[in-house]
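Below are some comments on the model you sent. Please read them beside the coordinates.

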Amino acid sequence: MPILVRPENMERITTPELARAFIEEQVADIREQVGEKKVLLALSGGVDSSVVAALLIRAIGRQLTCVHVNHGLLRKGEPEQVIRVFRDEMDANLIYVDAVDRFLDKLAGVSDPETKRHIIGKEFIEVFAEEARKLDGIGFLAQGTIWPDILESEAGIKAHHNAGGLPDDLKFELVEPVRILFKDEVRCVGHELGLPDGMVYRQPFPGPGLGVRCVGAITRDRLEAVRESDAILREEFAAAGLEGKVWQYFTIVPDFKTVGVKDGRRVDEWPCVIRAVNTRDAMTATVENIPFELMSRIVDRITHEVKGVDRVLYDFTPKPTGTIEWE
Ligand code: XMP
């Protein structure tokens, strides 16, 4: 039977040996729990769902069906990475759903941040439920619940809604193989399962994705400006050796324009804001001291390579008073 509560004396998984022992134990538990039945998993490409997918693939192979919903708010290259790693390299049974138009159509003209989050969450459940109903014989739903999710929901800090939201006809028995792990342990296990570093050590990314960084009503052109500037920032941070050292860094493109000059002509384009913060628990955060030369290179690249951006700013605000995200 799966263990639901982290044993008090459990050793922190910090070494390949401990990770391997955990993997062996989970593989046996999953096989026992699932038997010959099929398991369904919403695979976002984030650390937790990716590690759960890799564990289940090791345990039950193609009895697992992964559904990857591309809502159009993912970072550059993410859907492609999910397909490459899971379908091509791990031979997973992966359903890729291109729901970009569906999400962006529903979000058109919506500027209130909470309403945007609500639409994204609700639409996600609908798309996932539609895919689940097309499949026969699903017996279980796998989830990337981790131990802090359980602690925070018990303490009333955060509603743990991994399981929530699915309609009644899709209430499957749960498989939660990383339920008793802390985040660093999930990463350690993921590394041992052979997942690429870019997936295992990636920075936190909100569920509503780039949607909360395309401030105000999302338009496709401004969303592309967010995606492209984020990709440049990540590339430059990686080249400067800051990947994994700075807790979270990303760009924001607000919905107003400022006057600029490009190729000797006046333009009216968006500003792009860079945010780079360090924190332990995301409750408070300090601003990263980015070297001036690196910042100049990033500004040069964003203003020359990203369509529609004529100005770059750095958000120097710690949390409090600013939250980490802008919405
Ligand atoms: P804030 O902006 O509240 O963010 O300072 C704290 C941390 O939480 C992340 N975040 C989210 N993560 N769904 C998530 O899974 C969300 O809706 C969401 N909103 C913010 C944010 O990126 C930061 O790491």
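The points below cover conventions, the ligand site and two helices.

1. This is a predicted model: local features need pLDDT of at least 70, side-chain atom pairs count only at pLDDT 80 or more, and totals for chains, interfaces and linings use all residues. Residues are numbered from 1 along each chain as its sequence is written, and side-chain values use heavy atoms, with hydrogens and water left out.

2. The residues around the ligand (a heavy atom within 4 Å) include Arg117, Trp247, Gln248, Lys319 and Glu325. This shell divides into 5 nonpolar, 3 polar and 3 charged residues; Ala, Val, Leu, Ile, Met, Phe, Trp, Tyr, Cys and Pro count as nonpolar, Asp, Glu, Lys and Arg as charged, and the others, Gly among them, as polar.

3. A polar side-chain atom of Arg117 is 2.3 Å from a ligand oxygen atom. For Gln248, a side-chain N or O atom lies 2.8 Å from an oxygen atom of the ligand. The protein buries 67% of the 490 Å² that the ligand exposes when taken alone (Shrake-Rupley method, 1.4 Å probe).

4. Helix H5 (residues 113-133; helices are DSSP runs of H or I, at least four residues) has end C-alpha atoms 31 Å apart. That agrees with the 30 Å expected because its 21 residues are taken at 1.5 Å a residue, multiplied by one less than the number of residues.

5. Among the buried residues of H5 (under 20% relative accessible area, 1.4 Å probe, protein chains only) are Lys116, Glu123 and Phe128.

6. In helix H2 (residues 47-60), 13 of the 14 residues are buried. Gly61 follows H2 and has a positive phi, near 50 degrees.

How values were computed. A polar contact is a pair of N or O atoms within 3.5 Å; within protein, one must be able to donate a hydrogen and the other to accept it, and residues adjacent in sequence count only if both atoms are side-chain atoms. Helices (H or I, at least four residues) and strands (E, at least two) are DSSP runs, numbered from the N terminus. Buried means under 20% relative accessible area, exposed over 50%, partly exposed in between (1.4 Å probe, protein chains only).
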